[in-house]
Amino acid sequence: MKRAAILLIFSYFLFSCNKETNISIVGNWIEDANYYADSTGQFVWGPANRWPVNLTFTTDGTCEFFQEMAGGTSSYRYNPSTKELIYGGSTAPVYKVSLLNEEFLILDSFYPGEKTRYRRQ
């Protein structure tokens, strides 16, 4: 009985210490690939645009957007529990974050099936 109690206490501490790490969206991201419908209607990953989009999310809630020569700054809101990202004004579209890790960010477009993959810089 004593062994069972010790095993139970040990198991409790072992499993309760496993905490899910929250990866931050804050940082510099560069467009890496696009997921789109090809000429046959199949969705495939393809290369990034000729001039890839660069995004920089800051801790103060601003997003800097840069593509070759055009750029701008706007606010952003990211909710990790719903995985929704909004950057731009109040009428801006909502993106779904389908992947966020130390290396990649994948944003699902508001157009069905289309996605953009960004690589952390």
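Does Trp45 count as buried, exposed or partly exposed, and at what relative accessibility? At 39% relative accessibility, Trp45 counts as partly exposed; the scale calls a residue buried under 20% relative accessible area, exposed over 50% and partly exposed in between, using a 1.4 Å probe and protein chains only.

A word on the ground rules. This is a predicted model, so local features need pLDDT of at least 70 and side-chain atom pairs count only at pLDDT 80 or more, while totals for chains, interfaces and linings use all residues. Residues are numbered from 1 along each chain as its sequence is written, and side-chain values use heavy atoms, with hydrogens and water left out.

**The overall layout**

The protein chain has one helix and nine strands, and read from the N terminus the order is α-β-β-β-β-β-β-β-β-β. Helices (H or I, at least four residues) and strands (E, at least two) are DSSP runs, numbered from the N terminus. Of the chain's 121 residues, 23% count as buried.

**Aromatic pairs**

Searching the whole structure turns up seven aromatic pairs. Rings of Phe, Tyr and Trp (its six-membered ring) pair if their centres lie within 6.5 Å; planes under 30 degrees apart count as stacked, over 60 as edge-to-face and the rest as tilted. Here are two of the seven pairs:

| Pair | Type | Centre to centre | Angle between planes |
|---|---|---|---|
| Tyr35 and Trp45 | tilted | 5.0 Å | 50 degrees |
| Phe57 and Tyr76 | edge-to-face | 4.8 Å | 70 degrees |

The Tyr35 and Trp45 pair links distant parts of the chain, with Tyr35 in strand 1 (residues 27–37) and Trp45 in strand 2 (residues 43–47), 10 residues apart. Like Trp45, which is partly exposed, Tyr35 is partly exposed, at a relative accessible area of 23%.

The rings of this pair also have charged company. Over the ring of Tyr35 sits the charged end of Lys115, 5.5 Å from the ring centre. Over the ring of Trp45 sits the charged end of Arg117, 5.5 Å from that ring's centre. To count, NZ of Lys or CZ of Arg has to be within 6 Å of the ring centre and within 35 degrees of the ring normal.

The Phe57 and Tyr76 pair links distant parts of the chain too: Phe57 is in strand 3 (residues 54–57), Tyr76 is in strand 5 (residues 70–79), and they are 19 residues apart. Phe57 is buried, with 1% relative accessible area, and Tyr76 counts as buried at 13%. Ring pairs tie both of them into a cluster with Tyr87, Tyr95, Phe110 and Tyr111.

**Strands 4 to 8**

Strand pairing here asks for at least two DSSP bridges between two strands. Strand 4 (residues 62–67) and strand 5 pair in the antiparallel sense over six bridges, and Cys63 stands opposite Ser74 in strand 5. The two strands make a hairpin with two residues between them, where Glu68 in the turn has a positive phi of about 55 degrees.

Strand 5 goes on to pair with strand 6 (residues 84–87), antiparallel over four bridges. Tyr76 has Tyr87 in strand 6 as its bridge partner, and Asn79 has Glu84. This hairpin has four residues between the strands, and Lys83 takes a positive phi near 60 degrees.

Strand 6 and strand 7 (residues 95–100) run antiparallel and are joined by two bridges. Here Glu84 turns up again, standing opposite Lys96 in strand 7.

Then there is strand 8 (residues 104–108), which holds Leu107. Leu107 is buried, with a relative accessible area of 3%. Leu107 and Lys83 are 24 residues apart in sequence, with their C-alpha atoms 9.7 Å apart in space.

**The second largest pocket**

About 230 Å³ of space lies in the second largest pocket. On a 1 Å grid over the protein atoms alone, a pocket is an open set of points where a 1.4 Å probe fits, with protein on both sides within 12 Å along at least five of seven lines; lining residues have an atom within 4 Å of a point. The volume is the space filled by probe spheres set on the points, which are joined across faces, edges and corners.

The lining comes to 16 residues, and Glu31, Asn34, Tyr95, Thr116 and Tyr118 lie nearest the pocket's centre. Strand 1 and strand 9 (115–120) each supply at least two lining residues, and strand 1 gives the most, with four. By class, the lining has nine nonpolar, four polar and three charged residues. Nonpolar covers Ala, Val, Leu, Ile, Met, Phe, Trp, Tyr, Cys and Pro, charged covers Asp, Glu, Lys and Arg, and the others, Gly among them, count as polar.
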